[in-house]
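Work through the three exercises below with the model open. Try each task before reading its solution.

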Amino acid sequence: MSFKDTVTVITGIASGMGLQIALDLLEKGGKVAGIDISDCPKELQEASSDSNLMYFKIDLTDIVAVEGAVKEVIAKFHKIDNLANVAGVLWFEKDKSLLDIDLDVWDQVMKINLKSMVHTIRSIVPHMKSNGGGSIVNFSTIQAIRGDRAPQDAYSASKGAVLSLTKSVAMQWGCEGIRCNTILPGPVYTPLQKRWDDTPEIVEAISNHLPIGRIGVAKDLSNACLFLFSKESSFITGIDMPVDGGLSICC
Ligand SMILES: NC(=O)c1ccc[n+]([C@@H]2O[C@H](COP(=O)([O-])OP(=O)(O)OC[C@H]3O[C@@H](n4cnc5c(N)ncnc54)[C@H](O)[C@@H]3O)[C@@H](O)[C@H]2O)c1
């Protein structure tokens, strides 16, 4: 798969899967524009230069900031080929059953996990159209199609809606060369799951439960995302792609 001189916007680039996608695209000659609320990590600074990385430390829930960032990307790189909407939050201690959840937390999770994708997609689609197309990959979770015994209702509902949003985008602009797909990660070792650092027994139990026999790593998700960006996937749009070690086939 070749990404030489392609331009990709990545949200959630400072950590986990978003960071890995950025490192892999840079290594393959791509240009990357990253958006994150956190600072640019050292690893990313070391793997890039001013000519192949733009970094925006902004909050994705701020539409004005997102639109401003996209304008700057077009001014410098002149096009956008791909968009990875990776940023998301799972607030274990605050995200609860809808009977108990603080409704401000509900709204905030919806804004970060779902509405942020509306912000990036509506800012970027016009540029993809004028460039003859593009590929968008939205990150949900495998729990969106199988449910979760631990009620995290804001997370679950926001991630479920991502599947519908993806299909709507794929329907609307497929004829203009824009593809849109969802990746559904299973359990993946990233900073989002730092709680596992203190519970090796849980990691072992999850690994044993998965048909593949191990928890995922960010590279597993980056590989899938780069495939969905590539020409090799040019007939694939509107799908929900599990990258979950087989969790979706377990009861
Ligand atoms: N790790 C898992 O086990 C797992 C499982 C299923 C789904 N997912 C999903 O995969 C995606 C990537 O997860 P990860 O494990 O790499 O997470 P992560 O926590 O390592 O990275 C998420 C990034 O999003 C950024 N972010 C959060 N809120 C933001 C905001 N308002 N504005 C800008 N940036 C913001 C964070 O700063 C962080 O850099 C998420 O959407 C997550 O819900 C993860």
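The exercises cover the ligand site, one helix and the salt bridges.

The model is predicted: local features need pLDDT of at least 70, side-chain atom pairs count only at pLDDT 80 or more, and totals for chains, interfaces and linings use all residues. Residues are numbered from 1 along each chain as its sequence is written, and side-chain values use heavy atoms, without hydrogens and water.

**Exercise 1.** Describe the shell around the ligand and its polar contacts.

Step 1. Take the residues with a heavy atom within 4 Å of the ligand. There are 28, and Ser15, Asp36, Tyr155, Lys159 and Thr190 come nearest.

Step 2. Sort them by class. The shell has 15 nonpolar, ten polar and three charged residues. Here Ala, Val, Leu, Ile, Met, Phe, Trp, Tyr, Cys and Pro are nonpolar, Asp, Glu, Lys and Arg are charged, and the others, Gly among them, are polar.

Step 3. Assign elements, using DSSP runs numbered from the N terminus (helices: H or I, at least four residues; strands: E, at least two). Helices H1 (16-27) and H6 (153-173) each supply at least two shell residues.

Step 4. Find N or O pairs within 3.5 Å. The side chain of Thr190 has an N or O atom 2.4 Å from a ligand oxygen. A polar side-chain atom of Gln193 lies 2.9 Å from an oxygen atom of the ligand.

**Exercise 2.** Follow helix H4 from its cap to its far end.

Step 1. Start at the N-terminal end. Asp102 caps H4, with a side-chain oxygen 2.8 Å from the backbone nitrogen of Asp104.

Step 2. Go along residues 103-130 of H4. Just after H4, Gly132 takes a positive phi of about 90 degrees.

**Exercise 3.** Count the salt bridges and examine one.

Step 1. Pair each side-chain nitrogen of Lys or Arg with a carboxyl oxygen of Asp or Glu within 4 Å. The count is eight.

Step 2. Pick Asp24 and Lys219, which meet at 2.9 Å, N to O. This pair links distant parts of the chain: Asp24 is in helix H1 and Lys219 in helix H8 (residues 218-229), 195 residues apart.

Key: A polar contact is a pair of N or O atoms within 3.5 Å; within protein, one must be able to donate a hydrogen and the other to accept it, and residues adjacent in sequence count only if both atoms are side-chain atoms. The expected span of a helix is 1.5 Å times one less than its number of residues.
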